[in-house]
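Grab a coffee and open the viewer: here are a few exercises to work through at your own pace. Try each task yourself before reading its solution.

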Amino acid sequence: MKMSFRWYGKTDSIPLEYIRQIPAMEGIVTAIYDIPVGEAWPMDKIEELKSTVEAAGLYISVIESVPVHEDIKIGLPTRDKYIENYKETIRNLGKAGIPVVCYNFMPIFDWTRTDLEYRLPDGSTALIFEEEVAKKMDPLTGELSLPGWDSSYKKEDLQVLFDHYKNVDHEKLWENLEYFIKEIIPVAEEAGVKMAIHPDDPPFDIFGLPRIITNKENLERFVNLYDSPYNGLTMCSGSLGSHPDNDFPEMLRYFGKKGRVNFVHARNVKLTGGMSFEESAHPSKYGSVDMYEVIRAMKDFEYDGPIRPDHGRMVWGETGKPGYGLYDRALGATYLYGLWEAENKNRNRK
């Protein structure tokens, strides 16, 4: 596996120089954040980002993400224009030698939490999701806004989108995803860019909007839309692991042996009842995901792709983008690498 770290570009409070000092750190997971969703990424912008990362002694292991325009998800007549722009972006990323693109197909909103600064017993703060609180949240009338969401939407834009989604149920969303996949994967194959869809986070419907990348059955349905290693998955232990019915290590092993795991997000979550959960420190004892079994699963199919420590707590007085501080994610990276080294040596002794 290739240890990588999420970096939000030059506006990120964490400099690349700090990231490079994390033991075993090789890659950077990043994106271009000043291009409107739906427009093609120009070659000069991609090369500039690549040069910045490489000047720090690292390389871009994953672009996360190239956002999918809502017109594609809804299936509007304008989707073909945005799909052509998406293809151009993939071709340009391929020319720049970028190996993986992570993206998602979640309607309107990206990852969703109900509290960004929940105080844990040890004094650190973390992201949590409380089912009953979420049921009372209304993004159309409140001031709900989370990192990862497209901040360009105004309230009136959201209302229009919600109106469009009244005609999009789970099967219609599957239909629109299949249309998209069959258009872009041949281009990705030609460009040498492995696509890696991210699971819905959390993996169940939110605000009355359908979510379909949620469990083993749906991941199987997804990879069967187009039979190619370039049509792969981002296996996220925090997203899939937040549903009590999902056995994440088993799912990881299953799809890894199929050759469809193109990226791994590793974080732990503690299930707290119903569909509620809180994000925890990475080690297994603090959450509901057995991280050692996650590493064992990756060894079982000799995973050699990128992995990143996902959302971390805020510890030691650090402030910044919720979930994306330096210290706890660095602790997570070294923990994961330690498990990997131990499992490697254990198997070599047999």
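## Exercise 1: Into the barrel

Cysteine 102 stands opposite alanine 196 in β7. Keep in mind that this is a predicted model.

**Task.** Work out in which order the strands of the barrel follow one another, and which way they pair.

**Solution.** Begin with the two strands just met: β4 and β7 are joined in the parallel sense by 4 bridges. Now step to the other neighbour of β4: strand β3 (residues 59-64) runs parallel to β4, with 2 bridges between them. Here isoleucine 63 has valine 101 of β4 as its bridge partner. Next, go past β7: β7 and β8 pair in the parallel sense too, over 3 bridges, and methionine 195 stands opposite asparagine 231 in β8. Carry on around and the ring closes: 8 strands form a barrel in the order β1-β2-β3-β4-β7-β8-β9-β12, with parallel pairing. From one strand to the next, the twist averages 30°.

## Exercise 2: Two faces of one strand

**Task.** Find which residues of β4 are buried on each of its faces.

**Solution.** Start from a general rule: in a regular strand, side chains alternate between the two faces of the sheet. Then sort the residues of β4: Val100 and Cys102 lie on one side, Val101 and Tyr103 on the other, and all four are buried. Now ask about cores. Val100 and Cys102 belong to a separate core of 6 residues, which also includes Val62 and Phe263.

## Exercise 3: A threonine in β8

**Task.** Decide whether threonine 234 is buried or exposed, and find what its side chain reaches.

**Solution.** First place the residue: threonine 234 sits in strand β8 (residues 231-236). Its relative accessibility is 0%, so threonine 234 counts as buried. Next, look for polar partners: its side chain reaches the backbone oxygen of alanine 196 at 3.0 Å. Finally, list the contacts beyond four places in sequence: threonine 234 touches Cys102, Ala196, Ile197, His198, Pro199, Phe263 and His265.

## Exercise 4: Which side of the helix?

**Task.** Explain why the buried residues of α8 lie on the same side of that helix.

**Solution.** Identify them first: in helix α8 (residues 216-223), the buried residues include Asn218, Leu219, Phe222 and Val223. These residues span an arc of only 135° around the axis, so they fall on the same side of α8. The spacing fits a general rule: an α-helix has 3.6 residues a turn, so residues three or four places apart point the same way. Now see what covers them: the cover includes β4 (100-103), α7, β7 (194-197), β8, α9 (237-240) and α10 (248-257). As for orientation, α8 lies across β4, β7 and β8, and runs at about 155° to β8. One last detail is at the start of α8, where a side-chain oxygen of asparagine 215 comes to within 3.3 Å of the backbone nitrogen of glutamate 217.

## Exercise 5: The nonpolar core

**Task.** Find which residues touch the most other members of the largest nonpolar core.

**Solution.** This core has 95 residues, and the ones that touch the most other members are Leu177, Phe180 and Phe222. Helix α7 (residues 170-191) supplies the largest share, 9 residues. Take leucine 177 and skip residues up to four places away in sequence: it touches Phe105, Ile197, Ile212, Ile213, Phe222 and Leu225.

## Exercise 6: An asparagine in a loop

**Task.** Determine which polar partners the side chain of asparagine 104 has, including a side-chain one and a backbone one.

**Solution.** Asparagine 104 lies in the loop between β4 and β5. At 14% relative accessibility it falls under the 20% cut-off, so asparagine 104 counts as buried. Its side chain makes a polar contact of 3.1 Å with the side chain of aspartate 110. A polar atom of the asparagine 104 side chain also lies 3.0 Å from the backbone nitrogen of methionine 106.

## Exercise 7: The open sheet

**Task.** Say which strands stand at the edges of the open sheet, and why one side of each lacks a neighbour.

**Solution.** The sheet has 4 strands in the order β5-β6-β11-β10, with antiparallel pairing. β5 (115-119) and β10 (268-273) each have a single partner strand, so one side of each is left without a neighbour in the sheet. For the β10 end, note the hairpin: β10 and β11 have 2 residues between them, and glycine 274 in the turn has a positive phi of about 60°.

Terms used:
Residues are numbered from 1 along each chain as its sequence is written. This is a predicted model: local features need pLDDT of at least 70, side-chain atom pairs count only at pLDDT 80 or more; totals for chains, interfaces and linings use all residues. Side-chain values use heavy atoms; hydrogens and water are left out. A nonpolar core is a set of buried Ala, Val, Leu, Ile, Met, Phe, Trp, Tyr and Cys residues joined through side-chain atoms within 4.5 Å. Buried means under 20% relative accessible area, exposed over 50%, partly exposed in between (1.4 Å probe, protein chains only). Contact means heavy atoms within 4.5 Å. Two strands pair if DSSP finds at least two bridges between them. A polar contact is a pair of N or O atoms within 3.5 Å; within protein, one must be able to donate a hydrogen and the other to accept it, and residues adjacent in sequence count only if both atoms are side-chain atoms. The arc is that of the directions from the helix axis to the C-beta atoms. Axes are lines fitted to C-alpha atoms, for helices over the stretch in contact, and angles run from 0 to 180 degrees between N-to-C directions.
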